[in-house]
Amino acid sequence: MNLISADGISKAYTERWLFKQISFGLARGQKLALVGSNGTGKSTLLKVIAGLIQADDGNLAIGKGVSIGYLPQEPELESGKTIEESLFGSDNPVLNLVKRYEIAILESEFNADEMQFLLEEMDRLDAWDFEKKAHQILAKLGITNLKQKNEALSGGQKKRVALARLLIQSPDVLIFDEPTNHLDLQAIEWLENLLNGHNTSVIMVTHDRYFLDNVATQIMELDRGRLFIHHGNYAFYLEKKSQRDAVELAEVTKARNLMSKELDWMRRMPKARGTKSKSRIEAFYDLKEIANRDLSKNDLEISVQSVRLGNKIIEANHISKSFGEKNIIKDFSYIFKKKDRIGIVGQNGAGKSTLLDILTAKTAPDKGDIVHGQTLKFGYYTQHSSDLDNNNRILEEVRQIADYVTLGNGETITVSKLLDLFLFPPAMQHTPVAKLSGGERRRLQLLKVLVTNPNFLILDEPTNDLDIDTLNVLEDFLMNFDGCLLLVSHDRYFMDKLVDHIFVFEGEGEIRDFYGNYTDYREALEEEEAVSIEKKSNTVPISTKATTTSVQNENKRKLSFKEQREFELLGQEIETLETRKKELEQLLSNGSNNHEELQSWAEEMSKTNEKLDEKGLRWLELSEI
């Protein structure tokens with residue numbers, strides 16, 4: 001039985017349908033993820049389900065007694081109240097239930113039926129360990145000062161408080177709009193585990209692809225007003241979407257080929273039409289709807305020429321920074337090299353943004369010094385769009401920097417044309433900045449950074465409010481960016497794809513330089529924890545022989561994650577090379593009248609043998625370890 005059932009619901013914005021005649025259901029324990037480009041109506045659909053706005057058409061049924069909790073993208077907390085009052089106020093149903101139960105057990109003549117109801121509700125809402133659960137949620141989300149007033153909180157802090165309140169209340173259905181925004185990586189992984197091990201049903205919008213893959217059991221895609229449902233996680237959805245797009249392209253192409261013939265028939269038909277003609281007329285309008293379907297994608301294209309980077313880039317020499325008694329950075333040194341691609345991870349408040357400000361000379365270190373190369377040109381993309389002037393129009397905002405921009409291929413274009421490439425069409429370019437959505441402001445801010453032609457890009461949480469399609473194109477650009485990249489992001493997929501080593505803020509000012517991406521780092525941590533546990537279990541030797549064996553096992557080196565991955569790929573590459581070698585041998589054996597072709601095969605055979613020798617030796621080396 002569904003907790004929520006939507007039947008043919010529709011919603012329009014001005015004259016445009018956001019979604020039309022869509023239907024779906026949510027069963028207990030199910031996790032639905034809603035995906036689609038910015039502006040397709042995802043957040044609007046969440047508000048309709050949460051009961052905040054009404055659908056224009058269709059029916060939305062909520063099961064009897066089903067409670068719903070909604071986390072908006074930018075939550076607002078009641079002014080004048082403290083965090084504690086917001087979390088544990090009189091409107092908290094779980095807290096009220098606990099209070100009622102505590103009163104009941106103190107009353108000797110309390111109604112038995114009422115007591116039975118309270119016991120069942122305590123079970124249903126998992127309220128027995130309310131205090132312990134609340135403390136755990138607050139600790140994981142980094143909420144410590146409960147006496148702080150709501151109006152003093154940043155947007156990210158408000159988001160975490162609102163999320164904590166929702167998790168403490170434990171409604172039957174959780175509706176999340178970008179729940180991972182403003183959470184650090186550890187908090188995101190904790191939330192993943194919480195939702196996977198919990199019977200609560202979830203409907204969510206998120207751009208975090210690992211979160212989607214690990215949590216979602218069903219993907220719902222909003223595309224041009226229609227809803228497509230795919231059972232399975234995000235990886236399965238991508239496979240099915242590719243197949244669906246191919247089928248739809250063939251269907252639309254066929255419909256467009258038939259349109260001219262049917263249109264000619266429609267124009268020639270007399271007014272008095274028979275039953276067969278009416279049937280054909282109805283089929284014509286169905287065909288016309290398919291043929292007019294817009295399959296074009298608003299693909300963001302980013303290719304901006306960067307300033308040449310010299311040999312000397314940035315030298316950080318024994319940097320230290322403290323705020324009061326709290327060490328943020330302690331004796332950190334690093335010499336940046338060409339094409340460095342570095343990620344920065346750590347808990348919120350650990351000092352990640354402080355390090356960026358020190359490297360860009362926005363903040364001075366307490367000790368140590370920063371040396372910049374002469375050709376260094378920063379592009380600094382921050383978490384906040386504070387540098388956007390709401391009084392300007394979009395075109396004016398970018399023209400303050402330049403009227404023309406040189407692309408990566410050397411072509412020079414106007415700023416208006418570049419805005420068009422950035423999904424700001426000419427009709428929109430005179431829109432006031434104040435009217436832009438969160439995702440549009442992010443895109444405009446990124447454009448302003450790139451127009452300056454930087455050779456050292458610093459991106460501080462660039463993925464917030466961007467849809468997945470935009471993220472994919474941004475990733476493609478950054479992978480081809482010739483300069484240095486320094487990235488702070490809670491999006492693990494984004495981080496894994498773009499960086500080859502990371503700075504890890506481990507606390508007390510310690511920064512660890514780890515070679516590998518974020519997944520490599522997490523796996524290395526798990527290995528370290530396993531070794532630590534093993535060492536503790538072997539602290540008391542049973543015999544001299546046992547001790548010797550233990551030492552030998554500890555001294556024996558194991559393959560790292562990257563070496564293990566290399567070992568697996570080598571086997572596949574050697575097999576491919578062996579197959580090609582046999583093909584070349586057969587071609588050379590059969591011969592050819594074309595001398596140049598024979599020469600080409602012989603050269604390829606020589607190179608193939610060299611690669612086989614090289615990869616074979618490396619495979620043997622790794623297999624011995």
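This passage walks through the overall make-up of the chain, its nonpolar cores, one pair of helices and a few individual residues.

The structure is a predicted model. Its chain has 625 residues, of which 44% count as buried. Along the chain there are 20 helices and 20 strands. Contacts often link distant parts of the sequence: among those between residues at least 6 apart, 67% join residues at least 24 apart.

A good place to begin is the interior. The largest nonpolar core holds 49 residues, and the members that touch the most other members are Leu 141, Phe 176 and Met 204. Helix α6, which spans residues 155–169, supplies seven residues to this core, the largest share. Another core lies apart from it and has 45 residues, including Val 451, Leu 457, Tyr 518 and Ala 524. Returning to Met 204, its surroundings can be listed in full once neighbours within four places in sequence are set aside. Met 204 is then in contact with Leu 32, Ala 33 and Leu 34, with Phe 176, and with Phe 211, Leu 212, Val 215 and Ala 216. Phe 176 thus appears both as a contact of Met 204 and beside Met 204 among the core members with the most partners.

The end of helix α6 also deserves a look. Gln 169 lies in this helix, whose residues run from 155 to 169. With a relative accessible area of 16%, Gln 169 falls under the 20% limit and therefore counts as buried. Beyond its neighbours within four places in sequence, Gln 169 is in contact with Asp 91, Asn 92, Pro 93 and Val 94. Pro 93 and Val 94 belong to the stretch of helix α3, which covers residues 93–106.

Next comes Ser 170, in the loop that leads from α6 to strand β6 (173–177). Most residues other than glycine have a negative phi. Ser 170, although not a glycine, has a positive phi of about 50 degrees. Ser 170 is buried too, its relative accessible area being 9%. A second case is Lys 339, also not a glycine, with a positive phi near 65 degrees. Lys 339 sits in the loop between β11 (326–335) and β12 (341–345). Whereas Ser 170 is buried, Lys 339 is exposed, because its relative accessible area of 53% is over the 50% limit.

Helix α3 brings the description to a helix pair. The axes of α3 (residues 93–106) and α4 (residues 112–124) come within 10 Å and cross at roughly 140 degrees. That angle makes α3 oblique to α4, and the crossing is left-handed. On the α3 side, the residues that meet α4 are Leu 97, Val 98, Arg 100, Tyr 101, Ala 104 and Ile 105. Their counterparts in α4 are Glu 114, Met 115, Phe 117, Leu 118, Leu 119, Glu 121 and Met 122. By type, the residues of this contact comprise ten nonpolar and three charged, with no polar ones.

One last residue completes the tour. Thr 354 is found in helix α11, which spans residues 352–359. Thr 354 has a relative accessible area of 16% and so is buried, the limit being 20%. Not counting residues up to four places away in sequence, Thr 354 touches Lys 321, Phe 323 and Ile 328. Of these contacts, Ile 328 falls within the range given for strand β11, 326–335.

Methods: Residues are numbered from 1 along each chain as its sequence is written. This is a predicted model: local features need pLDDT of at least 70, side-chain atom pairs count only at pLDDT 80 or more; totals for chains, interfaces and linings use all residues. Side-chain values use heavy atoms; hydrogens and water are left out. Helices (H or I, at least four residues) and strands (E, at least two) are DSSP runs, numbered from the N terminus. Buried means under 20% relative accessible area, exposed over 50%, partly exposed in between (1.4 Å probe, protein chains only). Contact means heavy atoms within 4.5 Å. A nonpolar core is a set of buried Ala, Val, Leu, Ile, Met, Phe, Trp, Tyr and Cys residues joined through side-chain atoms within 4.5 Å. Axes are lines fitted to C-alpha atoms, for helices over the stretch in contact, and angles run from 0 to 180 degrees between N-to-C directions. Angles under 35 degrees count as roughly parallel, over 145 as roughly antiparallel, 65 to 115 as roughly perpendicular and the rest as oblique. A crossing is left-handed if the near helix is turned anticlockwise from the far one by less than a right angle, and right-handed if clockwise. Ala, Val, Leu, Ile, Met, Phe, Trp, Tyr, Cys and Pro count as nonpolar, Asp, Glu, Lys and Arg as charged, and the others, Gly among them, as polar.
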